[in-house]
Amino acid sequence: IYDVKELENGDLLIGGTFSEFMGQTHYSLVKLNPGFLSTDQETIGKYFTLYPNPATDQFIIQSKETGIATNPTVQIRDASGRLVLSQTLNGQQLDVSSLKPGFYLVQVLDAGRILGTSKLIVE
């Protein structure tokens, strides 16, 4: 990811190197619509703490309040909005060692309701 710009309407434009094909690097511009994904970094902070960020092999999500979600689902989406990891959070650690370095969006859900969304950088 080389640049992230939020437009006046809330859409995000993300520029960077997203793929390689036969040794050739391809540059792209991706537009995320907040109607599909919330990107307000503060929304996850109301109920959860996410660290370290940037992460390498794993990150930790801690609930700030009891009774919000006993075993929430964590979904991670890449810069194009594609779901790359979905897992029920049993405990606090989430393994992201299988993810390529880059920019991701993390959503915490309880019974299908989005409790929060945060940006995550995987190194």
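User: How many residues does the protein have, and what percentage of them count as buried?

Analyst: Happy to start there. Keep in mind that this is a predicted model. The protein has 123 residues, and 37% of them count as buried. On the outside, the protein exposes about 7,400 Å², with carbon and sulfur atoms supplying 47% of that area.

User: Which secondary structure elements does the protein have, and in what order do they run?

Analyst: Read them off from the N terminus. The protein has one helix and ten strands, in the order β-β-β-α-β-β-β-β-β-β-β. Sequence separation adds to that picture: among contacts with a separation of 6 or more, 44% are between residues 24 or more positions apart.

User: Which residues have the most contacts inside the largest nonpolar core?

Analyst: First, the general idea: in soluble globular proteins, nonpolar side chains tend to be buried together. Here, the largest nonpolar core has 18 residues, and Phe59, Ile61, Ile76, Val106 and Leu120 have the most contacts inside it. At least two residues of this core come from each of strands E4 (48-51), E5 (58-63), E6, E9 (102-110) and E10 (113-122).

User: Which residues is Ile61 in contact with, leaving aside its neighbours within four places in sequence?

Analyst: The partners of Ile61 are Phe48, Thr49, Leu50, Val74, Leu89, Gln92, Val106 and Val108. Two of these partners are worth a visit. Leu50 lies in strand E4 and counts as buried, because its relative accessibility is 14% and the cut-off is under 20%. The C-alpha atom of Leu50 is 6.7 Å from that of Gln62, a residue twelve places apart from it along the chain. Val108, in strand E9, is buried at 0% relative accessibility. Between the C-alpha atoms of Val108 and Gln75 the separation is 6.5 Å, although these residues are 33 apart along the chain.

User: Where is Arg77 found, and what does its side chain reach?

Analyst: For a charged residue, check burial, then opposite charges, then polar partners. Arg77 is found in strand E6 (residues 73-77). Arg77 is buried yet has no salt bridge, and the nearest side chain of opposite charge, that of Asp78, is 7.6 Å away. As for polar partners, the side chain of Arg77 reaches the backbone oxygen of Gly81 at 3.2 Å. A polar contact of 3.4 Å also joins the side chains of Arg77 and Gln75.

User: Which residue forms a salt bridge with Asp78?

Analyst: That partner is Arg82, and the closest N and O atoms of the pair are 2.7 Å apart. The pair counts as a salt bridge because the cut-off is 4 Å. The structure holds one salt bridge. Now look at the burial of each partner: Arg82 is exposed, with a relative accessible area of 54%, whereas Asp78 counts as buried at 10% relative accessibility.

User: Is the peptide bond from Asn53 to Pro54 cis or trans, and what is omega near?

Analyst: Omega is the angle to read here. The bond from Asn53 to Pro54 is cis, with omega near 15°. A cis peptide bond also joins Tyr51 and Pro52, where omega is about -10°. Pro52 sits in the loop between E4 and E5, and Pro54 has its place in the loop between E4 and E5 as well.

Conventions. Residues numbered from 1 in each chain as written. Predicted model: local features only at pLDDT ≥ 70, side-chain atom pairs only at ≥ 80, totals over all residues. Heavy atoms only, no water. Helix = DSSP H or I, 4+ residues; strand = E, 2+ residues; numbered from the N terminus. Buried < 20%, exposed > 50% of the residue type's maximum accessible area, 1.4 Å probe, protein only. Contact = heavy atoms within 4.5 Å. Areas by Shrake-Rupley, 256 points an atom, 1.4 Å probe, with all protein chains shown as cover. Lys, Arg positive; Asp, Glu negative; His and termini not counted. Polar contact = N/O pair within 3.5 Å; in protein donor to acceptor, adjacent residues only side chain to side chain. Core = buried A, V, L, I, M, F, W, Y, C linked by side-chain atoms within 4.5 Å.
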